[in-house]
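Visitor: I have a model open and would like to learn how to read its features. Can you walk me through it?

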Amino acid sequence: MTTDRAASILARCDDLAAFTEEPGRITRPYGTASLLAARDAIAEWMRAAGMCTRIDAIGTLRGRYEGETANAPALLIGSHIDSVRDAGRYDGPLGVLLGIAAVERLAAAGRRLPFPVEIVAFPDEEGLRFQTTYLGSCALAGTFEPALLDYVDADGVTLREAIAACGGHLEALAAAALHPGEAFGYVEAHIEQGPHLEAVDLPVGVVTAISGQTRILASFTGEAGHAGTVAMHLRRDPMPAAAELILAAEALARETPGLLATAGKIEADPGASNVIPGRVDLALDVRHPEDPARQRVVAALEERAREIAARRSLDAHWRIMRDHSAVPCDATLADRLAEAVAATGTRLERLPSGAGHDAVVMATCLPIAMLFVRCAKGISHNPAEAVAAADVAVAVEVFDRLLDGLAADRA
Ligand code: GLV
Ligand code: MN
Ligand code: MN
């Protein structure tokens, strides 16, 4: 039975993989036609499972399965449905579909719990389009910062315009926030995106805490020029400066235990092989389980960027795009999840998350817990991302047991 349900979840992950902005690979950023189409498909599945669906002001899909009594605080289960560029098919959708599968079991039995269950499908966890991260969960948690509305995508479209263009409602963003007492917890399932569960040979694990992360846009500006005529000693070339900064980030990360630094995107302007760039924009991502270590490295990198720019007669611009502190999971809710894992006969493993999740933001307003599902070789943000049906079946059972346990608690 859980085997069939796991197979159905995986088939739906395959279905969603077809919704993409780039044929041949999964690329589904915020506010795009492919994201809206994926959301429609998920809403259909929710309604078929007896849920009422609605879309909030920023585009989060919420499917609600009513409880026995009106107005009891709900349990939220969710994850995201946007993707990185050339993504795998499980990062995000797996958590949403596991939640729907949990509701399907209740609906098939005609069963109501003492509380409503809401499945939430967030539209922007990855921040691919605007470098924003967690747009949907910020709106739901009531922490959306209006300054984000001025962020622009690669085509110069502002987030403000993108929200309106995809059917959102700018004037209702504040009203998208959960009301006090509307929910009592948020649970998210996600592929691990790391190799730990595979190393300990376990299908699932309970997350202890989520690392903090800082996303930075570092820009160096010099002077564009002719690649064949400007002598090397006369150049004000920002590209070698960016290279120096990337190497500095790598070196700092290697010498700081637990620190991860990534230069995932670089853009030269105007961007031609025979033109010395006038400007280079570099996206840096810095993470650590402990905030002071991350903050120290971010400060050191900014200082380094300014020193490199001064030495090379360039201008440096340093912009923190997003900054999220490390977040512990709620001990009580995580213990309930751990009991559900143990009840399936699976040895309990607790592990931290290096990746970011919407749970980070939901933790600002609700107790959160997360279940990780083993992923093959720990590969993620890569089309080779894979999960085993047998592991998903265990996760399905964990969610069933979690709901049963919470129902008993709250009866
Ligand atoms: C999301 O996948 C992140 O951790 O950046
Ligand atoms: Mn991701
Ligand atoms: Mn994710």
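Guide: Let's start with a single residue: Leu173 sits in the loop between α5 (159–165) and β5 (183–191). Those helices (H or I, at least four residues) and strands (E, at least two) are DSSP runs, numbered from the N terminus. One caution on the numbers: this is a predicted model, so local features need pLDDT of at least 70 and side-chain atom pairs count only at pLDDT 80 or more, while totals for chains, interfaces and linings use all residues. Residues are numbered from 1 along each chain as its sequence is written, chains are lettered from A and ligands numbered from 1 in the order in which they are written, and side-chain values use heavy atoms, with hydrogens and water left out.

Visitor: Is Leu173 buried or exposed?

Guide: Buried means under 20% relative accessible area, exposed over 50%, and partly exposed in between (1.4 Å probe, protein chains only). Leu173 has a relative accessible area of 7%, so it is buried. For a sense of distance, its C-alpha atom is 34 Å from that of Val398, and the two residues are 225 apart along the chain.

Visitor: Now the metals. Which residues coordinate the manganese ion (ligand 3)?

Guide: Donors are N, O and S atoms within 2.8 Å of the metal (3.2 Å for Na, K and Ca); water is not among the atoms, so sites may look incomplete. Here the protein donors are His80 (NE2), Asp91 (OD) and His190 (NE2), at 2.1 to 2.3 Å from the ion. Along the sequence, the donor residues follow the spacing H-x10-D-x98-H. His80 is in strand β3 and Asp91 in the loop between β3 and α3, so this pair ties together parts 11 residues apart in sequence. Both His80 and Asp91 are buried.

Visitor: And what coordinates the manganese ion (ligand 2)?

Guide: Asp91 (OD), Glu126 (OE), Glu126 (OE) again and His381 (NE2) do, at 2.0 to 2.7 Å. Their residues are spaced D-x34-E-x254-H. Asp91 coordinates both manganese ions, ligand 2 and ligand 3, which are 3.4 Å apart. Asp91 and His381 link distant parts of the chain, 290 residues apart: Asp91 is in the loop between β3 (74–80) and α3 (93–108), His381 in the loop between β15 (368–373) and α11 (389–410). Asp91 has a relative accessible area of 5%, whereas His381, at 43%, counts as partly exposed.

Visitor: Which residues are around ligand 1?

Guide: A residue is near a molecule if one of its heavy atoms lies within 4 Å of it. That gives Glu125, Glu126, Arg215, Arg287, Ala355, Gly356 and His381. The shell divides into one nonpolar, two polar and four charged residues.

Visitor: How far are oxygen atoms of ligand 1 from polar atoms of Gly356, His381 and Arg215?

Guide: From an oxygen atom of ligand 1, a polar backbone atom of Gly356 is 2.6 Å away. A polar side-chain atom of His381 lies 3.0 Å from a ligand oxygen, and for an N or O atom in the Arg215 side chain the distance is 3.3 Å. The protein covers 94% of the 190 Å² of accessible area that ligand 1 has on its own (Shrake-Rupley method, 1.4 Å probe).

Visitor: Last one: how many disulfides are there?

Guide: A disulfide is a pair of cysteine sulfur atoms within 2.5 Å. By that rule the count is zero. For Cys13, the nearest cysteine sulfur, that of Cys375, is 13 Å away. Cys329 is too far for a bond as well, because its sulfur is 14 Å from the closest cysteine sulfur, in Cys365. Cys13 is buried at 0% relative accessibility, and Cys329 is buried at 11%.

Notes
A polar contact is a pair of N or O atoms within 3.5 Å; within protein, one must be able to donate a hydrogen and the other to accept it, and residues adjacent in sequence count only if both atoms are side-chain atoms. Ala, Val, Leu, Ile, Met, Phe, Trp, Tyr, Cys and Pro count as nonpolar, Asp, Glu, Lys and Arg as charged, and the others, Gly among them, as polar.
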